[in-house]
Amino acid sequence: MRICEIIPKVKHLLTLEEPPQVLVFHCGGNDIGQKVSCVLGHDILKVIDCLRVLLPKSKFVWSQILPRLKYRNEIVHRSLNRTRVRLNSLVATYIIKHGGAYIRYPEISEDNPDLFLDGVHLSDIGNNLFLYRLQQGLFDIIKFSHTICPQNGEVGPWLRESVSL
């Protein structure tokens, strides 16, 4: 999902459902390289501020923009990857400052190309890691009020005892 699609989508969903207790943002990757990074960061924060007004009782969770092996319209990969890292830092800090949380995916990196199908989309094992971390992060945020998941130094999902919601 692109950043510009979030507000209309949420407004539409609010006509069908009650406001959510938790709203997970997993977007922005397709915007990298399409806008200057400072403009993109500003746009994301503006969307979050708008949604904070629409959903005052919802807890916001930033789901890290995942690394890619290639981006759309890529000229200098390293530059776009730095943009991704900066955006994640900016938005996660902002959301945590306003009572939200941040989910990271440390196992998914450019160092593990087998986790990607085509350089952009995740392979089956990459998707399984992503979904596991997302589920585990939401569990830790809801049950233990963590603000960053996984915690620094936390072991990979294959070493952690599974839990059920």
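Here is a friendly conversation about pockets, aromatic rings and one buried residue in a predicted model.

User: Why is F139 called buried?

Analyst: Buried means under 20% relative accessible area. F139 has 9% relative accessibility, so F139 counts as buried.

User: And why does F144 count as partly exposed?

Analyst: Partly exposed lies between the limits of 20% and 50%. F144 comes to 46% relative accessibility, so F144 counts as partly exposed.

User: What makes F139 and F144 an aromatic pair that is edge-to-face?

Analyst: There are two steps here. Ring centres must lie within 6.5 Å to pair, and planes over 60 degrees apart count as edge-to-face. The rings of F139 and F144 are 5.8 Å apart, centre to centre, with 75° between the planes. Both conditions are met, so the pair is edge-to-face.

User: How many aromatic pairs are there by this rule?

Analyst: The count comes to 4 aromatic pairs. Ring pairs also link F25, F60 and W62 into a cluster.

User: Why is I103 called buried?

Analyst: The limit is under 20% again. I103 has 0% relative accessibility, so I103 counts as buried. You can find I103 in strand 3, which covers residues 101–103.

User: Which residues is I103 in contact with, leaving aside its neighbours within four places in sequence?

Analyst: They are V61, W62, S63, Q64, R133, L134, G137, L138, I141 and C149. W62 also belongs to the ring cluster with F25 and F60.

User: How far apart are I103 and H26 in sequence and in space?

Analyst: I103 and H26 are 77 residues apart in sequence, and their C-alpha atoms are 9.7 Å apart in space.

User: Where else does H26 appear?

Analyst: H26 helps to line the largest pocket, where H26, N30, L66, R68 and V120 lie nearest the centre. This pocket has a volume of about 330 Å³ and is lined by 14 residues. Its lining has 8 nonpolar, 5 polar and 1 charged residues.

H26 is also one of the residues lining the second largest pocket, including M1, I6 and K9. About 160 Å³ of space lies in that second largest pocket.

User: What makes K9 the charged residue in the lining of the second largest pocket?

Analyst: Lys counts as charged, and K9 is in this lining. The lining divides into 8 nonpolar, 1 polar and 1 charged, so K9 is the charged one.

User: Which element supplies the largest share of this lining of the second largest pocket?

Analyst: Helix 1 does, with 4 residues. Helix 1 (6–14) and strand 1 (22–25) each supply at least two residues there.

Terms used. Residues are numbered from 1 along each chain as its sequence is written. This is a predicted model: local features need pLDDT of at least 70, side-chain atom pairs count only at pLDDT 80 or more; totals for chains, interfaces and linings use all residues. Side-chain values use heavy atoms; hydrogens and water are left out. On a 1 Å grid over the protein atoms alone, a cavity is a set of points where a 1.4 Å probe fits but cannot get out, and a pocket is an open set with protein on both sides within 12 Å along at least five of seven lines; lining residues have an atom within 4 Å of a point. Grid points are joined across faces, edges and corners, and a volume is the space filled by probe spheres set on the points. Rings of Phe, Tyr and Trp (its six-membered ring) pair if their centres lie within 6.5 Å; planes under 30 degrees apart count as stacked, over 60 as edge-to-face and the rest as tilted. Buried means under 20% relative accessible area, exposed over 50%, partly exposed in between (1.4 Å probe, protein chains only). Contact means heavy atoms within 4.5 Å.
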